[in-house]
Amino acid sequence: MPSNPLPANLSRLGGCTLTGALSVTSHIHDTVTIIHGPKGCSHHNASLLHAICLDDDRMVMPSLISTALGESEIIFGGEEALRTAIRHAAGQNIRALFVLSTCIVDTIGDDTCAVCAEEYGIPVIPIPTAGFLGGSFQDGMNNALIALAGIAEPCPANGGINLIGEMNLEYEVRENSAEISRLLSLLGLSVNLHFVHDTTFSQLSLLGAARLNILRSPSLIPVGEYLRNRFGTPFIPSFPHGLSDTLAFLEQVADSCGIDGSTAVSSEKSRQDEMFVMGSGLNRLPVVLDRSHTGDEDLRAAGELAARLGITVDSDGNGLCLPVGSAIGTAGTRRMLHRWRRMIHA
Amino acid sequence: MTMKQIALYGKGGIGKSTTSSNLSSALSHRGLSILQIGCDPKRDSTRMLMQGRFIPTVMDLVRVRGESAISLDDVVFTGYNGIRCVEAGGPEPGVGCAGRGIIATFQLLEKFGALKGDVIVYDVLGDVVCGGFAMPMREGYAQEIYLVTSGELMSLYAANNICKAVQRLASRVKSKCRLGGVICNAKGQPREEELVAEFARRVNSTMIQYIPRDHVVQQAEVNQQTVIEYSPDSAQAEHYRSLAQRIMENTRLTIPQPLEIDALESLAREFI
């Protein structure tokens, strides 16, 4: 039984399982996601997804439906409300439906899977997402990806690469996606499927065709393992963070695909070196790295960048505070450098 | 007099509804205005007060009509000797949340101002299965809890569990919930009265009434009546009247001390 033994634990970081799953299903365009629970569970998530779409200059309302359970459904069971919502949505010219559960329906014991297993004419895919069971945002994302992987059939290899678990709610998701595509193109490789980012339901059938899966982060390893077991596809556990990691990533992808990566690595290295031609303008100041919103990999990438620039990171925490962003690939590191230059010249 | 609110709890099938209905009947003959509320999705608490009729439940009405379309008259039915009867109702077995149904019923009855009269008798489902079924014990509702049990171990076990719930609720700041006593609804096993009396003593309470097993209960039931109505001169009817009197005069309200499971089992062994 999950528990939260520390009163001081504010639990700000784990997130909601439901939102994690939604970050995946809301990116499959010709589908609808039903959130089986009170309407508030849908409202907050719809607001979040909508705001992120706006941030990305896309005027898209996420296709969410709530079963809008009230007290009566809680007392008498919400299965009929779910059935009605599925029938309604299934008639809307879509390819598939996802049904996400919430805390209350898993408390009262609605058999969501059994209702989804009935015949509606299109695939209806249940994803367990009750957050009170202790799962995090990441668990919701992994549950959704594994549920999707379960319906894709093995298919002939096409030599492409899958990007697995791109973080659709992160600020630079498109830039990061483009950077990995660019790095792959240096090796003569291309993306087979974004699993899942800006995807259609039919594209998901290509999941098993890739020669390699590249996970966005190591927290997706359960998904990588599932895909390896199901389709035999090897995986690399993370997008690269920072400069040397990016070169190592190119070698790793090349090795995994049995191709020679030396040209790609040297061309990428020259590209990285160009970043330092104009100097940093930072080297006379003590700096600190703002580690409040960052993971270890990005902090390591930032440290590496500081070292390349010849600037000293003050371990006592005094000096100009430099932001540490997500430093995916060479481009992500360059964006971080750009922000540092703006800080010093501001 | 101030309104007295009592709740009967006990293992399923132990005779809570029979006891409640006969208690309500006996109380009504003392000239008191009685409201009996069945708090069990089985909805059969008040049948014997309603000539065998299953009255519509609060939850059924909410489900069919919606809360706003219900009035007090839709949920309160007048039965034997003017006793007002309410059934909370709830979901079919195996779906939804019956406990939430009890909470919703109480809120609705509260809104209607239905909780009035001289005595309210809450007849509550077998065991305290979740927070919802403890609702009748919460502040503002029943302040006296009566446990209905036989001498069978499983029945004592359920009664002991309810002691735990009463003890926990009694510790809350504003709570006035107390254990009023133990009603022995006998199965007819040897030394049963002694055993239940001793159980009551050990949980820091008293056996307030011993009700022997009597065939007249079944006879009354097949005639869709309480014993008080069907056979008012019987010895059994007298037991129920005695229970009613003792409850009205009861001043010994305690915070129970539930037994550990092995203490309970060794108690049962002593009386085999």
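In what order do the 8 strands of the open sheet in chain B follow one another? They run β3-β4-β2-β5-β1-β6-β7-β8, with mixed pairing, and the legends below describe this sheet and its surroundings in a predicted model.

**Figure 1. The open sheet of chain B, seen from edge to edge, in a predicted model.** The sheet of chain B holds 8 strands in the order β3-β4-β2-β5-β1-β6-β7-β8, and the pairing among them is mixed. Its edge strands are β3 (77–78) and β8 (207–211) of chain B, each of which pairs on one side only. In general, the strands of a sheet pair through backbone hydrogen bonds, in either a parallel or an antiparallel manner.

**Figure 2. The pairing of β3 with β4 in chain B.** Strand β4 of chain B, made up of residues 84–87, runs antiparallel to β3(B), and the two are joined by 2 bridges. One residue pair can be picked out here, in which B:Thr78 has B:Arg84 of β4(B) as its bridge partner.

**Figure 3. Helix α6 lying across strands of the chain B sheet.** Helix α6 of chain B, residues 192–202, lies across three strands of chain B, namely β6 (144–149), β7 (178–185) and β8. With respect to β7(B), the helix α6 of chain B runs at about 170°. The last of these strands, β8 of chain B, is also one of the edge strands of the sheet and spans residues 207–211.

**Figure 4. Chain B as a whole.** Chain B contains 10 helices and 8 strands. Its radius of gyration is 18 Å, close to the 19 Å that the globule rule gives for 272 residues, so chain B is as compact as a globular protein of that length. Taken along the principal axes, the box filled by the C-alpha atoms of chain B is roughly 55 × 45 × 40 Å. Of the 272 residues of chain B, 49% count as buried, and among the contacts in this chain between residues at least 6 apart in sequence, 76% join residues that are at least 24 apart.

**Figure 5. The contact between chain A and chain B.** Chain A brings 8 residues to this contact and chain B brings 11 residues. On the side of chain A that touches chain B, helix α3 of chain A (residues 71–76) gives the most, with 5 residues. Sorted by class, that side of chain A has 4 nonpolar, 2 polar and 2 charged residues.

**Figure 6. Chain A as a whole and its domain assignment.** The secondary structure of chain A comes to 13 helices and 10 strands. The radius of gyration of chain A is 22 Å, close to the 20 Å that the globule rule gives for 346 residues, so this chain is as compact as a globular protein of that length. Along the principal axes, the C-alpha atoms of chain A fill a box of roughly 70 × 50 × 40 Å, and buried residues make up 42% of the 346 residues in the chain. Among contacts in chain A between residues at least 6 apart in sequence, 74% join residues at least 24 apart. The domain assignment divides chain A into domain 1 (17–151), domain 2 (161–272) and domain 3 (287–345).

**Figure 7. The contact between domain 2 and domain 3 of chain A.** The C-alpha centres of domain 2 and domain 3 of chain A lie 24 Å apart, and the contact takes 18 residues from domain 2 and 15 residues from domain 3. On the side of domain 2 that touches domain 3, the elements of chain A giving two or more residues are α8 (173–186), α10 (243–257) and α11 (262–274). Helix α8(A) gives the most to that side, with 5 residues. By class, the side of domain 2 of chain A that touches domain 3 has 5 nonpolar, 6 polar and 7 charged residues.

**Figure 8. The parallel open sheet of chain A.** An open sheet of 4 strands in chain A has the order β6-β5-β7-β8, with parallel pairing. At its edges stand β6 (191–195) and β8 (235–236) of chain A, each with a single partner strand, so one side of each is left without a neighbour in the sheet. Strand β5 of chain A (residues 161–164) pairs with β6(A) in the parallel sense over 4 bridges; among the bridge partners, A:Asn162 is matched with A:Leu193 of β6(A), and A:Leu163 with A:His194 of β6(A).

**Figure 9. Strand β5 of chain A and the helix that packs on its sheet.** Both faces of β5(A) are covered, with A:Ile161 and A:Leu163 buried on one side and A:Asn162 and A:Ile164 buried on the other.

Note on methods. Residues are numbered from 1 along each chain as its sequence is written. Chains are lettered from A and ligands numbered from 1 in the order in which they are written. This is a predicted model: local features need pLDDT of at least 70, side-chain atom pairs count only at pLDDT 80 or more; totals for chains, interfaces and linings use all residues. Two strands pair if DSSP finds at least two bridges between them. Two residues are in contact if their C-beta atoms, placed from the backbone, lie within 7 Å. Axes are lines fitted to C-alpha atoms, for helices over the stretch in contact, and angles run from 0 to 180 degrees between N-to-C directions. Ala, Val, Leu, Ile, Met, Phe, Trp, Tyr, Cys and Pro count as nonpolar, Asp, Glu, Lys and Arg as charged, and the others, Gly among them, as polar. The radius of gyration is taken over C-alpha atoms; the globule rule is 2.2 Å times the number of residues to the power 0.38. A residue is buried if 20 or more other C-beta atoms lie within 10 Å of its own, exposed if 12 or fewer, and partly exposed in between; C-beta atoms are placed from the backbone. Domain bounds come from an automatic or database domain assignment.
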